[in-house]
Protein chains: 2
Amino acid sequence: MTNPPVVRDKAKTRQRILEAAEAIARREGPAAMSLDAVAAAAGVSKGGLLYHFPGKSKLLQAMVDEYLSRFDTVLEGEARTGRPNAVILAYIQHFISERERNTPPPSGLLAVFAEDPDMLAPVQRHERNFLNRIRANATDPEFATVAFLAIQAVRSAELLNTQVLVEGEITQLTDWLTARLH
Amino acid sequence: MTNPPVVRDKAKTRQRILEAAEAIARREGPAAMSLDAVAAAAGVSKGGLLYHFPGKSKLLQAMVDEYLSRFDTVLEGEARTGRPNAVILAYIQHFISERERNTPPPSGLLAVFAEDPDMLAPVQRHERNFLNRIRANATDPEFATVAFLAIQAVRSAELLNTQVLVEGEITQLTDWLTARLH
DNA sequence: CCAACTATACCGTCTGGACGGTAAAGTCAA
DNA sequence: TTGACTTTACCGTCCAGACGGTATAGTTGG
């Protein structure tokens with residue numbers, strides 16, 4: 001009998017590991033995100049995991065990089081119209097579409113923070129840059145900042161499992177913000 | 001000069017332990033908050049620590065309780081005027097005064113989350129109740145909600161070491177919000 | 001005397017990490 | 001085309017140390 005061929009694809013396995021790690025952090029808490037648990041969830045031996053990420057900190061770093069690169073990719077083309085408030089509107093729109101697709105929160109970042117708070121510094125810089133772009137492009141920078149913060153708050157609450165708003169209220173929020181940005 | 005008497009006071013030692021735990025979580029990350037480390041930082045033996053908190057989860061629970069009771073105490077008398085927007089204004093005012101006193105963020109909550117995300121459920125309920133009070137008391141519930149969220153975002157960012165706003169901008173934010181709530 | 005600890009020893013489990021092995025896929029000269 | 005060799009993509013095992021927790025005997029101020 002012929003066994004099903006074992007497809008070896010470095011990039012795909014790597015991605016599977018990253019996703020498994022995120023899933024554990026989200027469902028069982030960052031503290032449960034051990035290398036053993038991640039390896040098991042990714043369908044990989046611990047040795048295999050360490051082949052892809054030689055050390056836990058490399059795995060954590062990869063989660064940060066992943067998050068930042070996604071952030072970049074998504075917001076690349078969307079805000080290039082140059083029209084007033086285009087950047088903050090693109091951010092809100094991106095938030096809405098994330099929500100519609102049930103995109104899970106980046107719980108991996110919390111695991112990173114749990115083990116080494118300083119590793120989130122790139123995230124901070126990145127968000128600061130983004131806020132600068134929002135403000136530079138806004139008709140009312142103060143209001144745009146508040147809008148940005150409000151969305152951030154909803155995302156943070158989701159990350160920490162302490163969401164205070166229900167689905168309808170979030171829609172109401174984005175509608176309200178959007179209406180005032182036109 | 002008289003030395004400060006070595007007073008053995010259960011409540012004070014308990015408090016010292018709680019503060020030491022918070023400090024470790026804040027400075028070295030939630031993952032570093034082991035019982036050994038907390039005991040050492042609190043100037044207490046491990047046995048002594050376990051005398052006060054029989055098990056780590058009891059310590060975590062205490063941190064949640066502590067946080068919630070402080071939340072309550074602070075906002076008890078402040079919002080009782082019944083005047084429109086009094087509740088959200090009190091919240092903003094409380095935020096400002098916390099900031100002036102350099103109150104450290106409740107990093108213990110992140111340690112709690114790291115080990116058991118569900119333990120923050122009381123915090124969620126609590127914040128939801130508070131938001132309800134804000135809205136019931138607001139002239140413009142939508143704006144009040146956005147104001148609440150904006151402050152929450154700043155607090156979350158501080159908690160996660162990813163603060164995007166500098167001191168002056170935070171003052172600007174609270175001024176801007178306050179002005180629109182009168 | 002008692003509450004409030006300290007000090008020390010210990011246990012079972014888990015954790016990150018090191019290490020040697022190995023099967024399959026790719027490379028390449030003859 | 002084939003056999004020799006290299007690289008890739010893992011697996012399985014082991015280990016020292018840290019972890020949460022238990023137990024017990026001793027110390028100290030009021």
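**Group meeting: two chains and two DNA strands**

Let's start at the protein interface. Here 41 residues of chain B are in contact with 42 residues of chain A. Keep in mind that this is a predicted model.

How much area is buried between chain B and chain A? About 3500 Å². Carbon and sulfur atoms give 68% of that area. Three residues stand out on the chain B side: Leu149(B), Val164(B) and Trp176(B). Together they supply 17% of what chain B buries against chain A, and no other three residues give more.

Now the polar part of this interface. The rule finds 12 residue pairs in polar contact across it, both residues at pLDDT 80 or more. Which elements of chain B give two or more residues to the side that touches chain A? They are α6 (108-115), α7 (121-136), α8 (141-159) and α9 (167-179). Helix α8(B) has the largest share, with 12 residues. By class, that side of chain B has 23 nonpolar, 9 polar and 9 charged residues.

Next, salt bridges. Side chains of opposite charge can pair when their charged atoms come close. Across the interface of chain B and chain A, the rule finds 4 salt bridges. Take one pair: Arg128(B) with Glu169(A). Their closest N and O atoms are 2.7 Å apart. Over all chains, the structure holds 18 salt bridges. Back to our pair: Arg128(B) sits in helix α7 of chain B, and Glu169(A) sits in helix α9 (residues 167-179) of chain A, so this salt bridge joins two chains.

On to symmetry. Two copies of a chain are related by a rotation about an axis and a shift along it. Which rotation superposes chain B on chain A? It is 180°, with 0.0 Å of shift along the axis. The RMSD is 0.1 Å. The two copies are therefore related as by a two-fold rotation axis. Both copies use the same surface: 100% of the contact residues of chain B recur in chain A.

A quick word on the fold of one chain. Chain A has 9 helices and 0 strands. Its sequence pattern reads α-α-α-α-α-α-α-α-α. Along the principal axes, the C-alpha atoms of chain A fill a box of roughly 65 × 30 × 30 Å.

Now the DNA. I'll take strand C, then strand D.

Around DNA strand C there are 16 residues. Those that come nearest are Leu35(A), Lys46(A), Lys56(A), Thr13(B) and Ser45(B). Both chains are on that list. Sugar and phosphate account for 65% of the strand C atoms that come within 4 Å of the protein.

Which polar atoms lie by the phosphate oxygens of strand C? Look at chain B. Tyr51(B) places a polar side-chain atom 3.1 Å from a phosphate oxygen of DNA strand C. For His52(B), a side-chain N or O atom is 3.2 Å from a phosphate oxygen of that strand. Gly43(B) uses its backbone: a polar backbone atom is 3.4 Å from a phosphate oxygen of DNA strand C.

Which elements each supply at least two residues of the surface near DNA strand C? Helix α3 (46-52) of chain A, plus α1 (10-28) and α3 (46-52) of chain B. The largest share, 3 residues, comes from α3(B). By class, this surface has 4 nonpolar, 7 polar and 5 charged residues.

Strand D next. Again 16 residues surround it. Lys10(A), Thr13(A), Ser45(A), Leu50(B) and Lys56(B) come nearest. Of the strand D atoms within 4 Å of the protein, 61% belong to sugar or phosphate, and bases make up the rest.

The phosphate contacts now include chain A. A side-chain N or O atom of Tyr51(A) is 3.2 Å from a phosphate oxygen of DNA strand D. His52(A) has a polar side-chain atom 3.5 Å from a phosphate oxygen of this strand. From chain B, a polar backbone atom of Leu35(B) is 3.0 Å from a phosphate oxygen of DNA strand D.

The elements giving two or more residues to the surface near strand D are α1 (10-28) and α3 of chain A, together with α3 of chain B. Helix α3(A) has the largest share, 4 residues. By class, the surface near strand D has 4 nonpolar, 7 polar and 5 charged residues.

That's the tour.

How values were computed. Residues are numbered from 1 along each chain as its sequence is written. Chains are lettered from A and ligands numbered from 1 in the order in which they are written. This is a predicted model: local features need pLDDT of at least 70, side-chain atom pairs count only at pLDDT 80 or more; totals for chains, interfaces and linings use all residues. Side-chain values use heavy atoms; hydrogens and water are left out. A residue is near a molecule or strand if one of its heavy atoms lies within 4 Å of it. A polar contact is a pair of N or O atoms within 3.5 Å; within protein, one must be able to donate a hydrogen and the other to accept it, and residues adjacent in sequence count only if both atoms are side-chain atoms. Ala, Val, Leu, Ile, Met, Phe, Trp, Tyr, Cys and Pro count as nonpolar, Asp, Glu, Lys and Arg as charged, and the others, Gly among them, as polar. Copies are superposed by least squares on the C-alpha atoms of residues with pLDDT of at least 70 in both. Contact means heavy atoms within 4.5 Å. Buried area is the accessible area (1.4 Å probe) that two parts lose on being put together, summed over both. A salt bridge is a side-chain nitrogen of Lys or Arg within 4 Å of a carboxyl oxygen of Asp or Glu.
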